[in-house]
Amino acid sequence: MNIQVQICGLIMLIMLAIFFFGNRRIGLYTEKVFVRTLISGIICLSLDILSIVAIMKIPNIDSIWVHISCKLYLISLVFMAFAGMDYVLTDIIFDEKKYKKIIKYIMMFLGIEMIIVMLLPIHAYKEGRVVYSYGLSTTVTYGCAFSFIIATIMLLIFGFAKINRRRRIAMSIWMLMWVAAASTQFVYNDILIVGFAVAMGVLIIFIMLENPEALHDRRYGCFNSHALLLFTHQVYDRGEHYALVDIYFEDNDNELLSDNNDEAFNRVVDYFDYKKDFSVYKNVENEFVVYTMKKDKLYDDIKELQQEYAELINERMKNGLKTPVMKIVAFDDCMKVKKPQDIFIISSRIRNSIILKEGSEFILAQEEDIEKYYKYDEIVREIKLSLEEDRVEVFYQPIFSREKKQFTSCEALVRIRKNDGTLIPPGEFVYIAEETGLIVPLGERVFEKVCQFLRNEKEIYDKLDYVEINLSVAQLEQKGFADKFLRIMKFYGIDSNKINFEITETAVIHTKSTLSENMNEFLDNGFKFSLDDFGKGESNLMYLVEMPVSIVKLDMDMTQAYFVEPKAKYVLEATVRMAHDIGIRVVAEGIEEKEQLDTLLDEQIDFIQGFFFSRPVNSEEFKKLILAKSYS
């Protein structure tokens with residue numbers, strides 16, 4: 001009897017079904033389609049075997065039972081061909097309403113095909129071990145099946161960009177295998193291999209795409225990062241409103257996140273597994289991501305998890321073991337963000353703001369957190385575009401000299417002009433440029449524009465002693481960045497004594513080791529340095545001794561405190577006196593009133609900077625200001 005191949009294929013599909021349904025699944029839409037494909041394959045092969053047995057065992061091969069069994073098998077073949085096309089459609093059509101509409105029309109077509117196949121005549125052939133069916137019913141079946149196969153191939157071609165790469169390969173192999181098998185069986189009716197081609201196609205899909213084991217993290221018994229990627233993209237592609245919980249374990253001692261802490265990780269996985277309405281994914285590093293549709297009790301569930309984690313910490317403390325801190329960021333609706341990767345970036349930024357030494361902390365992401373991220377992202381794009389489109393401008397704020405009683409220098413300040421003509425406030429983009437490293441090309445552009453301005457404005461060049469330009473931490477950490485600046489100065493013909501670099505106290509704190517090397521290179525070429533924002537943050541008087549600066553700029557908060565706090569007055573006076581004693585000049589920033597100016601001039605402060613004289617202005621306004629004003 002010619003059913004050995006079909007039986008082998010059926011056994012293979014049954015084993016796949018046992019293995020597939022015996023594992024926990026994510027809930028991907030492709031899994032649902034694969035289930036339909038797998039069940040259709042089992043039915044198809046079962047009917048194939050049944051039709052062969054009917055032809056062989058029923059004496060009258062033209063009996064109604066033989067015809068019905070053969071026609072049911074033919075109908076199942078068309079359904080299998082549709083199953084292949086359906087599997088590709090899931091990667092192309094994300095709109096569920098549109099998908100259901102298309103499936104509705106296909107089902108109508110299949111219903112008509114079923115009726116036609118059942119009505120058309122069919123004949124059976126039997127000679128020894130060779131059996132097969134033929135007739136109009138068979139011809140129509142092959143035509144319909146081929147139409148679905150061709151449609152699937154066309155979808156693979158025209159939907160190339162949308163379809164998952166591995167799915168393209170798997171489906172292409174299946175379709176080619178099926179075309180070869182169907183063509184062979186159509187020409188040689190006694191070679192019954194179409195059913196086996198069905199089984200092989202399902203096997204290929206299982207191995208390449210739907211093997212549940214490939215989506216599990218064996219160490220922790222949850223889904224892995226690849227499963228997280230697949231599910232996250234499905235959520236966003238189909239607009240599914242899941243809540244997401246991002247759980248991150250942080251090691252403050254650089255030794256906790258070891259094999260000994262699997263207990264902490266497993267406690268989290270077991271907790272959510274017990275809840276059943278949650279799916280847990282192990283992401284990279286020490287992060288677990290949880291998806292759930294159960295939003296109404298999300299807050300209570302997380303609080304309960306925190307209580308369990310607190311109990312674990314107490315248990316481990318009794319045994320002398322430390323436990324990493326657990327930071328939890330939750331989103332009550334992940335569709336509030338625009339792209340799947342955004343939710344993890346936002347979560348990372350929120351949790352990085354959490355300072356935690358032990359225990360756990362839970363933060364529910366708010367609308368303002370999401371808006372802040374997109375504002376941040378928008379500023380990053382604006383900085384990049386402003387560099388490309390040359391919309392970076394330099395504003396200048398004059399600095400008044402007590403000794404010469406006139407403006408003798410200025411501070412160059414970066415500004416970005418948007419396409420609509422408005423300026424982005426520096427407080428909105430400077431810190432972002434520093435965090436992203438864009439401050440490096442931005443600082444270089446500012447330096448070049450300052451040099452260009454000094455070359456083009458000879459009167460300003462002669463009148464000013466120097467221009468102050470800010471250097472950032474990112475610039476100071478770059479090896480050889482001094483050479484780039486020297487080339488720019490040489491190109492524009494600017495003397496190095498016309499440039500005074502400002503470095504912030506914060507920069508000194510973080511880059512003291514590399515800063516000295518860079519500063520010495522600049523100093524050897526005739527540059528001078530100022531220490532900006534002195535008195536803000538963790539002030540250290542040793543900076544004045546150790547760092548080769550010629551000017552100290554008192555922070556505006558320190559200057560303003562001088563006029564309202566008696567203690568601040570003594571601190572400022574002592575700072576000025578000490579600076580003068582070691583040969584360092586002093587600038588007071590933030591002066592806004594005439595009385596403040598007069599008072600600080602009496603304190604022998606060398607330079608005054610502030611809104612009293614001028615806000616930062618563009619180069620044209622600054623030129624008028626410098627050439628027109630002097631103070632006596």
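## Terms and overall make-up

Helices here are DSSP runs of H or I with at least four residues, strands are runs of E with at least two, and both are numbered from the N terminus. The model is predicted. The protein has 23 helices and 18 strands.

Now the overall dimensions. The C-alpha trace spans about 125 × 65 × 40 Å along the principal axes of the protein. The radius of gyration of the protein is 37 Å, whereas a compact globule of 632 residues would have one near 26 Å.

## Burial, contacts and surface

Of the 632 residues, 50% count as buried. The accessible surface of the protein comes to about 30,400 Å². Carbon and sulfur atoms hold 56% of that surface.

Contacts can be sorted by distance along the sequence. Take those in the protein between residues at least 6 apart in sequence: 71% of them join residues at least 24 apart.

## The second largest pocket

Rolling a probe the size of a water molecule over the atoms shows where empty space is left. The second largest pocket has a volume of about 540 Å³. Its lining holds 24 residues, and those closest to the pocket centre are L28, D91, N164, R167 and L230.

Several helices contribute to this pocket. At least two lining residues come from each of α2 (29-57), α3 (64-92), α6 (165-187), α7 (194-210) and α8 (225-237). Helix α8 gives the most to the lining of the second largest pocket, with six residues. By class, the lining of this pocket has ten nonpolar residues, seven polar ones and seven charged ones.

## The largest cavity

Two cavities of 30 Å³ or more are present in the structure. The largest cavity holds about 70 Å³ of space. Its lining is made of L77, T141, Y142, A145, F146, I149, W178, A182 and V194.

Helices α5 (136-158) and α6 each supply at least two of the residues that line the largest cavity. With five residues, α5 gives the most. The lining of the largest cavity divides into eight nonpolar residues, one polar residue and no charged residue. Helix α6 therefore serves both spaces, if at least two residues is the bar: it appears in the lining of the second largest pocket and in the lining of the largest cavity.

## The second largest cavity

The second largest cavity holds about 40 Å³ of space. V440, E444, Q475, Q478, F481, K484 and F485 line it.

At least two of these lining residues come from α14 (439-456), and at least two from α17 (481-492). The largest share, three residues, comes from α17. The lining of the second largest cavity has three nonpolar, two polar and two charged residues.

## Two glutamates in helices

E382 is found in helix α12, which covers residues 367-388. E382 counts as buried because its relative accessibility is 14%, and the limit for buried is under 20%. Neighbours within four places in sequence aside, E382 is in contact with R391, I416, K418 and I424.

E521 sits in helix α18, residues 505-524. The relative accessible area of E521 is 27%, so E521 is partly exposed. Not counting residues up to four places away in sequence, E521 touches A482 and D483. E521 and D483 are 38 residues apart along the chain, and their C-alpha atoms are separated by 8.9 Å.

## Two loop residues with positive phi

Most residues other than glycine have a negative phi. K405 is not a glycine, yet its phi is positive, at about 55°. K405 lies in the loop between β10 (392-401) and β11 (406-417). The relative accessible area of K405 is 42%, so K405 is partly exposed.

Q604 is another residue other than glycine with a positive phi, near 65°. The loop that holds Q604 runs between α22 (594-602) and β18 (607-608). Q604 is partly exposed because its relative accessible area is 41%, and partly exposed covers what lies between under 20% and over 50%.

Terms used: Residues numbered from 1 in each chain as written. Predicted model: local features only at pLDDT ≥ 70, side-chain atom pairs only at ≥ 80, totals over all residues. Heavy atoms only, no water. 1 Å grid on protein atoms, 1.4 Å probe; cavity = no way out; pocket = protein on both sides within 12 Å on 5 of 7 lines; lining within 4 Å. Points joined across faces, edges and corners; volume = space filled by probe spheres on them. Nonpolar A, V, L, I, M, F, W, Y, C, P; charged D, E, K, R; others polar. Rg over C-alpha atoms; globule rule 2.2 N^0.38 Å. Buried < 20%, exposed > 50% of the residue type's maximum accessible area, 1.4 Å probe, protein only. Contact = heavy atoms within 4.5 Å. Areas by Shrake-Rupley, 256 points an atom, 1.4 Å probe, with all protein chains shown as cover.
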